[in-house]
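Here is a quick tour of one model, written for someone who already has it open. Take a look at it first, then read on.

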Amino acid sequence: MATLKKEINMLNFIRKQFIDVIQWENPDEDTLVWRFPIADQEIQNGASLTVRESQAAVFVDEGVVADVFLPGRYTLNTKTLPVLTNLRNWDKFFQSPFKSDVYFFNTRQQLGKRWGTAQPVTVRDTDFGMVQLRAFGMYSYRIAQPDVFFKEVSGVVERYSGNDLETQLRNTVMTQMAAAFGTSNIPFLDMAANQVLLSQAMVEKLQPAFAALGLALESFTVESVTLPENVQQALDKRMSMNIVGDLGTYTQYQTAESIPLAAQNEGGLAGMGAGMGVGVGIGQAMAGAMSNTAAPNVQAASAPAADPNAKLAQLKTMLDNGLITQADYDSAKEQVLKQLLG
C-alpha cells in the first residue's frame, strides 16, 4: 500500500508542469501592474526571470512583498531570492520547486495625462480679493518604487491600469492647487505670464504626495487659468472701458454702450418715439456727460471744463468702436464746437 502511494505521488509530480521562464512579453501601455499567471503551477528552482527595460518584477509571498528585481536576466535560487528564502526558512541547499506570486510593474513614463478643476477653486488675489479660478494642464509620472506602489495602491490584483489611478491623482492635484495658487502671491492678471512659476510651485507641493504612492512626478504644467463666466464678463467690460477711453464712471460707459442698441430701432435714435429733436437731445446729453456737466451733482458742477480736443477724440473713438452712429457723432460734435466757439 505504501509503495502504491509513493508511485501515485511520483506520477503526480511528473505530470505537474513547472515554470522555468518568467517574463512579461507584450505589455500594453495602459497596464501598470500585471500578475504572472501561475495558477496551480510551481516555479522551478533555477528558473529564468527576464525583466525588460521600463519594467520591474516583485515576488510576493502570501501578500507580503519579498524580492524586487530591476531590468536584467536572473536565475532564481536561494541566492537571488534572499528575502523569499528568509520568509520560507529555506536553507542554502534547497532545491525543490516553489510557489510565489510574481507581479510585473510598468515603470515607463505615463505621458500626456490631463488634469483640470471640475469646480472653481477659491483663492485670495491681490487685485480682486477672493476669486474663484479654474485651471487646466498636463502632467506625467512613472512608478519609481514598485514595492511601495504594491502596498499603497494596487495590492493583490491580476491587473491594474492607469485609468484606475487617474481619479486619485487628479484629486491629489486639486487638493494642492488652492494652496499653491494662494501662496504664489501672483495676481490673476499676471498668471498668464507666470505659468512656469505656478508649475514649479505645483511640482514642489505634489512630489511628496506622489512619492507616498511609490510614484515619481516627472513633469507638471499649468496651461490655462481662467475665471468663472460671470466674473470674466465683468473683467471684459472693465478692459473695454480702458480701450474706449476714460468715461468717468461705469454708469456713463453703460449709457454709451446702450446707444448702438437704440440706433438699431426703426429710424435710429430718433425712432425711440420722440422724433429727430429727441435724437439730437440725446446727443447733447451724451456730450454733457462727457464734460461732466450734464449730471446734477456738486462734483460735476465744480469740475473744470474738459478739453474740447479731448472730447472730440473720445467721440471719434466711440464712433470707430461702433458705440454711436455717424448722426450721433455729428450732433455731439456740433455741441462741442458751439461750446468752443461760443
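## D330 and its surroundings

D330 is partly exposed, with a relative accessible area of 38%; on this scale buried means under 20%, exposed means over 50%, and partly exposed is what lies in between, using a 1.4 Å probe and protein chains only. The residue belongs to helix α12, which covers residues 326–341. Helices here are DSSP runs of H or I with at least four residues, strands are runs of E with at least two, and both are numbered from the N terminus. K316 sits 14 residues from D330 along the chain, and the C-alpha atoms of the two are separated by 9.9 Å.

## What kind of model this is

This is a predicted model, where local features need pLDDT of at least 70 and side-chain atom pairs count only at pLDDT 80 or more, while totals for chains, interfaces and linings use all residues. Residues are numbered from 1 along each chain as its sequence is written, and side-chain values use heavy atoms, with hydrogens and water left out.

## The whole protein

In total, the protein has 12 helices and 12 strands. It has 342 residues, and 38% of them count as buried. The accessible surface comes to about 19,300 Å², with 52% of that belonging to carbon and sulfur atoms; the areas come from the Shrake-Rupley method with a 1.4 Å probe, and for residues only the protein chains shown count as cover.

As for contacts (heavy atoms within 4.5 Å), take those between residues at least 6 apart in sequence: 68% of them join residues at least 24 apart.

## A three-stranded open sheet

Now for a sheet: β1, β3 and β6 line up in the order β1-β3-β6, forming an open sheet with mixed pairing. Strands pair if DSSP finds at least two bridges between them. At the edges are β1 (18–23) and β6 (72–75), each of which pairs on one side only. From one strand to the next, the twist averages 15 degrees, with axes being lines fitted to C-alpha atoms (for helices, over the stretch in contact) and angles running from 0 to 180 degrees between N-to-C directions.

β1 and β3 run parallel, joined by five bridges; one pair of bridge partners is I19 and I43 in β3. On the other side, β3 (residues 42–51) and β6 are antiparallel and share four bridges. T50 has R73 in β6 as its bridge partner, and V51 stands opposite G72 in β6.

## S48 in the covered strand

Is S48 buried or exposed? S48 is buried, at a relative accessible area of 10%. Its strand is β3, which is mostly covered, with eight of its 10 residues buried. Outside its neighbours within four places in sequence, S48 touches D20, V21, I22, R73 and Y74.

## How far to trust it

The predictor's confidence in each residue is pLDDT, on a scale from 0 to 100. Its mean over the protein is 76, and 67% of the residues reach 70 or more. Among the elements, strand β7 (residues 101–106) has the highest mean, 96, and helix α10 (residues 298–302) the lowest, 41.

Two stretches need a cautious eye. Over residues 270–282 the pLDDT is below 50, and this stretch has seven contacts beyond near neighbours in sequence. Over residues 292–304 it stays under 50, with eight contacts beyond four places in sequence. Where pLDDT is low, predicted coordinates should not be read in detail.
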